[in-house]
Amino acid sequence: MNKKKILSKQQLSFMLLNFVAFTAIFAIFGVIIFSLVQSTLYKKVDEELLFLKKMMVEENDSQFPPGSPPDRDKPDRNLPPLNPRIIVLHWNSEGEIVNQEQIGTQFYQNYLKDADFSFEPLDEITSMKINDQYTFRSLSFENEENNDVRYTQLLISIDAEKNLMGNFGWILLLCSVVSIILSITISYLLSKKTMKPIIKSWNRQAEFVENASHELRSPLTIIQNKLELMLTEPNKKIVDTFESIALSLSETRRLSQLTSDLLTLARADSLESQLNDETFEVDEFIQSVCQPYSEFADMQDKKLWVQLYADTEIEADKSRIHQLMVILLDNALKFTAENEEIGVKTYLEGNKVVLEVSDTGIGINEENRERIFERFFREDRARSREKGGTGLGLAIAQWIVSSHNGTIKVLDNKNKGTIFQVKLPR
């Protein structure tokens, strides 16, 4: 299975997971909203029915003598005006409507003439249809002290609510379709965005493995060839094979350094490396680090100058800051020629301590400045190999600075060469 197929399969998996998640969220919200709207609409209707039932029962108990049904035409002080949508039906024990005149003859003849009263359930709000066209909420209760009106049934039309819920349902359905389309689009964009760091990591890993293999293969090949050459001439003295032994030792040291650098970066990636912070004086520490390099520079007919203006303390991992300075000073010495200068400078900038290592060497092309902190990146591989570089030093330097919540960047020197500027919090 090739790389493209694996990444496409993973992106499709992310897309499906996001789509299912978004669709489930939209569906749950849709059901909740629909249920809340429906219950709110019908709750108001049901409250009106229950309130009217309570008032009518109280009126029957307090003002109307037994056998005298409530008369809708007689105004009452305590009974509030009825909602025009509410219809009051009085039924006798034989299941006949006894208040035809109150509800209107035409309405009775057209809709209620053939209606049958269901004695069950009582005191419960139910939904019913009349002529299979009109929907009502119904509440029936028994009038125990009134023989002529055995049961009272309260009806309230809910066609408006039903139409509203129907329209609302269609709106929700339309919104659901739009939501599904949005879910697909958003899921695709999110999966594509999610895959970017994975693809970047994949490419970096593949490049890292390729470069590491190449870097490890070269010294191993040289060592193997020199040892095989020595085996072909077993009678030779050490002095006669000095060149092969020296080259093998040199490559062994480079291999050891490469392995150490790789281990450092591997631990950094896995967050295993921990900083041992301590407080120390910046200028004094930088002076001690630069002292041996001043001698190295003199031996190579180069000049190393130091200007220390920080005069403050910082809390940091002293050994890691020492490693950082060694990397920067090694690079400066490697890529400067005789009679050129390397400079180290410290100063304060706000709440930052600034460390600068500059040189007047060959410099770095502008298009490569953003890549020099990449692992195994070397602007001139042939020259770097001659100088003994592995392409991992600046990557380690960047990790050290980042782990101290600082920044590192490359600047142009005024005349020629490069300035590495490090800013660390005080």
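Here a student and a tutor talk through a predicted model of one protein chain.

Student: What does the secondary structure of the protein chain come to?

Tutor: Nine helices and 11 strands. Keep in mind that we're looking at a predicted model.

Student: Okay, serine 358. Why is serine 358 called buried?

Tutor: Buried means under 20% relative accessible area. Serine 358 has 11% relative accessibility, so it counts as buried. You'll find serine 358 in strand S9. Leaving aside neighbours within four places in sequence, serine 358 is in contact with Trp305, Glu341, Ile342, Gly343, Asn413, Thr418 and Ile419.

Student: And how much of the protein chain is buried?

Tutor: Buried residues make up 35% of the 426 residues.

Student: Now leucine 174. Why does leucine 174 count as exposed?

Tutor: The cut-off for exposed is over 50%. Leucine 174 has 57% relative accessibility, so it counts as exposed. Leucine 174 sits in helix H4, residues 159-232.

Student: What makes the nonpolar surface patch that leucine 174 belongs to?

Tutor: Leu174, Val178, Leu182, Ile186 and Leu190 make it, and the patch covers about 410 Å². To be in a patch, a residue needs over 30% relative accessible area and no salt bridge, and nonpolar side chains are joined within 5 Å. Here's a handy bit of background: an α-helix has 3.6 residues a turn, so residues three or four places apart point the same way.

Student: What about aspartate 301: why is it called partly exposed?

Tutor: Partly exposed is what lies between the buried limit of 20% and the exposed limit of 50%. Aspartate 301 has a relative accessible area of 43%, so it is partly exposed. Aspartate 301 is in the loop between H6 and S6.

Student: And what is notable about the phi of aspartate 301?

Tutor: Phi of aspartate 301 is near 60°, a positive value in a residue other than glycine. Most residues other than glycine have a negative phi.

Student: Where does aspartate 311 lie, and why does it count as exposed?

Tutor: Aspartate 311 is in the loop between S6 and strand S7 (313-317). With 64% relative accessibility against a limit of over 50%, aspartate 311 counts as exposed. Aspartate 311 also has a positive phi, about 50°, although it is not a glycine. Asparagine 405, just after H9, has a positive phi too, about 60°.

Student: Let's do the sheets. In what order do the strands of the five-stranded sheet come?

Tutor: The order is S6-S8-S9-S11-S10; the sheet is open and the pairing is mixed.

Student: What makes S6 and S10 the edge strands?

Tutor: Strand S6 (303-308) and strand S10 (407-412) each pair on one side only. From one strand to the next, the twist averages 15°.

Student: How do you know that the pairing is mixed?

Tutor: Look at two of the pairs. S6 and strand S8 (residues 341-349) pair in the parallel sense over six bridges, whereas S10 and S11 run antiparallel, joined by six bridges. Two strands pair if there are at least two bridges between them. In the first of these pairs, glutamine 307 stands opposite lysine 345 in S8. In the other, isoleucine 408 stands opposite valine 422 in S11. S10 and S11 form a hairpin with five residues between them, and glycine 417 in the turn has a positive phi of about 100°.

Student: Which helices lie on this sheet?

Tutor: Helix H6 (residues 282-299) lies across S6, S8 and strand S9 (352-359), at about 170° to S6. Helix H7 (residues 318-334) packs on the sheet as well, touching S8, S9, S10 and strand S11 (418-425), and its direction makes about 25° with that of S9.

Student: What do the buried residues of H9 pack against?

Tutor: They pack against helix H5 (242-269), H7, S10 and S11. The buried residues of H9 (residues 393-403) include Leu394, Ile396, Trp399 and Val401.

Student: And what is the strand order in the four-stranded sheet?

Tutor: S1-S4-S3-S2, an open sheet with antiparallel pairing. Strand S1 (86-91) and strand S2 (125-130) are its edge strands, each pairing on one side only. The twist here averages 30° from one strand to the next. Six bridges join S2 to strand S3 (residues 134-142), and isoleucine 125 has leucine 139 in S3 as its bridge partner.

Methods: Residues numbered from 1 in each chain as written. Predicted model: local features only at pLDDT ≥ 70, side-chain atom pairs only at ≥ 80, totals over all residues. Heavy atoms only, no water. Helix = DSSP H or I, 4+ residues; strand = E, 2+ residues; numbered from the N terminus. Axes fitted to C-alpha atoms, helices over the stretch in contact; angles between N-to-C directions. Contact = heavy atoms within 4.5 Å. Buried < 20%, exposed > 50% of the residue type's maximum accessible area, 1.4 Å probe, protein only. Patch = residues over 30% accessible without salt bridge, like charges linked within 9 Å, V, L, I, M, F, W, Y side chains within 5 Å. Areas by Shrake-Rupley, 256 points an atom, 1.4 Å probe, with all protein chains shown as cover. Salt bridge = Lys/Arg side-chain N within 4 Å of Asp/Glu carboxyl O.
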